[in-house]
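Got the model open in your viewer? Get ready to select a few residues and look around.

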Amino acid sequence: MSAADRPRGGPARVFFLLMLAAASTIFLYPFVWLVVASLKPRSYTFADPFVPWPDPFAPESYAAVWQAAPMLAWLLNTLVVGLAAAVSVTLSSAFVAFGFAYFRFPGRNLIFASVLGTMMLPAAVTLVPTYLIWNAAGLTGTQVPLWAGNLFGSAFYIFLLRQFLLGVPRYVFEAARVDGATYLDLFWRIALPLARPALIIAFVFELKASWFDLMKPLIYLQDPQLYTLPRGLKAIVDQFYQGGDPKWEIVLAASVITTLPLILIFFFGQRYFVRGIATTGHR
């Protein structure tokens, strides 16, 4: 690089890094405040909101959370429901996406457009019919409605995976067909391994959506032992409000416990997640 080019590249890079640091600070501050406030006594919870450390330091609220509610059971319920929802929607959406990407049949584009059209329906429109279906099946009050609907795929993930599979050269599938592979072999042995980056994206997105979902647990769950973390957190808030003693330090500590697992999952899997986004965008 010549000396004439360095002044132009240097300031631009510094400006970019400063903007990135500013944006990171803005996005991280709410979580930092949540952690700091959860480590303060009740009378200091909302004091000094811009101080990035707990003063005075009082971690007793984290022990009180486990005494106030069955947090371990709620955590396990959330993990089971989240994994079931993520795995089911990823596999079912990939199956449908493979059909749209590989097969050529009359009306394919019309059917695909109809699938995408379901994304325009607000969730409130299907809320009551969906509840009536699960109620008729006798599954209200169980965790099944929280994830079983994903067995039918998701329009967004079908679109995402179809676009990825369209980037796979067709001769790869045709060569396997010549060697005697069935359509199921094409899907399981070729399409799924090649679409792994896009599958990771779908899995992580759905796990996050299921982990923080409050609406479905609020509608279908009545037994506290079946609660997920968001539903349990809502129960804790309601309990303290009804008692006239809002223990915000316990609510904030429960919120931190709810959020930390997904942060750890992303931290350990960010390499695969970022690679999946980059590869999907490239294709």
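What follows is a walk through the confidence, the pockets, the cavities and three single residues.

**Stop 1: colour by confidence**

Keep in mind that this is a predicted model. Start by colouring everything by pLDDT: the mean for the protein is 86, and 91% of the residues reach 70 or more. Now select residues 71-102, which make up helix H3. Among the elements of the protein, H3 has the highest mean pLDDT, at 95. For the other end of the scale, select residues 248-282: this is helix H12, with the lowest mean, 75.

**Stop 2: the largest pocket**

Next, select Ala123, Thr126, Asn150, Gly153 and Lys216. Of the 32 residues that line the largest pocket, these lie nearest its centre. The volume of this pocket is about 1,300 Å³.

Which helix gives the most to this lining? That is H5, with 5 residues, and you can find H5 at residues 123-136. Other elements supplying at least two residues each include H3, H6, helix H9 (196-211) and helix H10 (215-220). If you colour the lining of the largest pocket by class, you should get 21 nonpolar, 8 polar and 3 charged residues.

**Stop 3: the second largest pocket**

Move on to Val204, Lys208, Phe212, Leu262 and Phe266. They lie nearest the centre of the second largest pocket, which has 11 lining residues. About 290 Å³ of space is found here.

Two helices to highlight are H9 and H12, since each supplies at least two residues of the lining. H12 gives the most, with 6 residues; you met H12 at the first stop as the element with the lowest mean pLDDT. By class, the lining of the second largest pocket has 9 nonpolar, 1 polar and 1 charged residues.

**Stop 4: the cavities**

How many cavities of 30 Å³ or more does a search of the whole structure find? The search turns up 2.

For the largest cavity, select Ala94, Leu161, Leu165, Phe187, Ala191, Leu192, Ala195 and Leu199, which line it. Helix H6 (155-166) and helix H8 (183-194) are the elements that give two or more residues to this lining. H8 gives the most, with 3 residues. The largest cavity has a volume of about 40 Å³, and its lining is made of 8 nonpolar residues, with no polar and no charged ones.

For the second largest cavity, pick out Val81, Leu146, Ser210, Asp213, Pro217 and Thr228. The volume of this cavity is about 30 Å³. Its lining divides into 3 nonpolar, 2 polar and 1 charged residues.

**Stop 5: Thr228**

Stay with Thr228, one of the residues you have just selected around the second largest cavity. Thr228 sits in the loop between H10 and helix H11 (229-242). Is Thr228 buried or exposed? Its relative accessible area is 4%, so Thr228 counts as buried.

Show what surrounds Thr228. Not counting residues up to four places away in sequence, Thr228 touches Trp74, Asn77, Thr78, Val81, Leu146, Asp213, Pro217 and Leu221. Among these you will recognise Val81, Leu146, Asp213 and Pro217 from the lining of the second largest cavity.

**Stop 6: Ser88**

Go back to H3 and select Ser88, which lies in that helix. With a relative accessibility of 8%, Ser88 counts as buried. Show the side chain and follow it to the backbone oxygen of Ala85, which it reaches at 3.1 Å.

Which residues does Ser88 touch, not counting those up to four places away in sequence? Light up Trp147, Asn150 and Leu151. Asn150 may look familiar, as it is one of the residues nearest the centre of the largest pocket.

**Stop 7: Leu116**

Finish in helix H4, residues 108-117, where you will find Leu116. Leu116 has a relative accessible area of 24%, so it is partly exposed; the cut-off for buried is under 20%.

Now select Ala155 and Phe159 as well. Leaving aside neighbours within four places in sequence, Leu116 is in contact with both. To close, draw a distance between the C-alpha atoms of Leu116 and Ser154: these residues are 38 apart along the chain, and the C-alpha atoms are separated by 9.3 Å.

Technical notes:
Residues are numbered from 1 along each chain as its sequence is written. This is a predicted model: local features need pLDDT of at least 70, side-chain atom pairs count only at pLDDT 80 or more; totals for chains, interfaces and linings use all residues. Side-chain values use heavy atoms; hydrogens and water are left out. Helices (H or I, at least four residues) and strands (E, at least two) are DSSP runs, numbered from the N terminus. Buried means under 20% relative accessible area, exposed over 50%, partly exposed in between (1.4 Å probe, protein chains only). A polar contact is a pair of N or O atoms within 3.5 Å; within protein, one must be able to donate a hydrogen and the other to accept it, and residues adjacent in sequence count only if both atoms are side-chain atoms. Contact means heavy atoms within 4.5 Å. pLDDT is the predictor's confidence in each residue, from 0 to 100. On a 1 Å grid over the protein atoms alone, a cavity is a set of points where a 1.4 Å probe fits but cannot get out, and a pocket is an open set with protein on both sides within 12 Å along at least five of seven lines; lining residues have an atom within 4 Å of a point. Grid points are joined across faces, edges and corners, and a volume is the space filled by probe spheres set on the points. Ala, Val, Leu, Ile, Met, Phe, Trp, Tyr, Cys and Pro count as nonpolar, Asp, Glu, Lys and Arg as charged, and the others, Gly among them, as polar.
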